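Work through the following exercises with the sequence and the coordinates open beside you. Each task is followed by a solution that goes step by step.

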Amino acid sequence: FISSTFDTQQTSGVAYNTLVWKGSKPASTNVKIQLATSNCSNGATNAPTCNIGAWGATGSNYLGSDCTNATFYTPAANTAVEIKCFSNHNNKRYFKYKVILETTDTAATPQVDDVVVNYSQ
């Protein structure tokens, strides 16, 4: 699942603090999350022109816990985890997130009811 674009309404961007997902995670399942931020509503990398790149064009916008697109945040349900990669995310106005649901048991599926991205001005 890839979220819609969220606008913090802060033209100088925000500080991204934590993320948490709400739901349930049965045994043999996993929930993985990545965060993407930009100063362009379309995910471009060259604000204010905003004509180079886009959200997830190469997958590089979505970052995990080690600041690469190869890793994910994997917090337990209803548990906040600190957002890393401050130099990549902070002072950016727009954000999106990607959620991946995994299972090794076809009878079990995690359920994500909500994702909360906490930020401050």
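The exercises below treat strand pairing, aromatic rings, burial and the largest pocket.

This is a predicted model, in which local features need pLDDT of at least 70 and side-chain atom pairs count only at pLDDT 80 or more, while totals for chains, interfaces and linings use all residues. Residues are numbered from 1 along each chain as its sequence is written, and side-chain values use heavy atoms, with hydrogens and water left out.

**Exercise 1. Strand pairing**

Task: Work out the order of the open sheet of three strands, and state which strands stand at its edges.

Solution. Begin with the terms: strands (E, at least two residues) and helices (H or I, at least four) are DSSP runs numbered from the N terminus, and two strands pair if DSSP finds at least two bridges between them. The order of this open sheet is 4-2-6, and the pairing is antiparallel. Strand 4 (81–82) and strand 6 (111–120) each have a single partner strand, so they stand at the edges and one side of each is left without a neighbour in the sheet. Next, take strand 2 (residues 15–24), which pairs with strand 4 in the antiparallel sense over two bridges; here L19 is found opposite V81 of strand 4.

Then turn to strand 5 (94–103). Strand 1 (residues 6–7) pairs with strand 5 in the antiparallel sense over two bridges, with D7 opposite Y94. Strand 3 also pairs with strand 5 in the antiparallel sense, over 10 bridges, and V31 stands opposite L101.

**Exercise 2. Aromatic rings**

Task: Classify the ring pairs that F95 forms with F6 and with Y16.

Solution. Rings of Phe, Tyr and Trp (its six-membered ring) pair if their centres lie within 6.5 Å, and planes under 30 degrees apart count as stacked, over 60 as edge-to-face and the rest as tilted. The whole structure holds six aromatic pairs. For F6 and F95 the centres are 5.0 Å apart and the planes stand at 15 degrees, so this pair is stacked. Because F6 belongs to strand 1 and F95 to strand 5, the pair ties together parts that are 89 residues apart in sequence. For Y16 and F95 the centres are 5.7 Å apart and the planes stand at 80 degrees, so this pair is edge-to-face. Finally, ring pairs link F1, F6, Y16, F95, Y97 and Y119 into a cluster.

**Exercise 3. Buried or exposed**

Task: Assign S3, F6, F95 and T106 to buried, partly exposed or exposed.

Solution. Buried means under 20% relative accessible area, exposed over 50%, and partly exposed in between (1.4 Å probe, protein chains only). S3, in the segment before strand 1, is buried at 4%. F95 is buried at 5%, whereas F6 is partly exposed at 33%. T106, in the loop between strand 5 and strand 6, is exposed at 84%.

**Exercise 4. The largest pocket**

Task: Describe the lining of the largest pocket by class and by the residues closest to its centre.

Solution. The lining of the largest pocket comprises 15 residues, and the closest to its centre are T37, S38, T45, N61 and K92. Strand 3 (29–38) and helix 1 (86–89) are the elements that give two or more residues to this lining. By class, the lining has four nonpolar, 10 polar and one charged residues, where Ala, Val, Leu, Ile, Met, Phe, Trp, Tyr, Cys and Pro count as nonpolar, Asp, Glu, Lys and Arg as charged, and the others, Gly among them, as polar. A pocket here is an open set of points on a 1 Å grid over the protein atoms alone, where a 1.4 Å probe fits, with protein on both sides within 12 Å along at least five of seven lines, and lining residues have an atom within 4 Å of a point.
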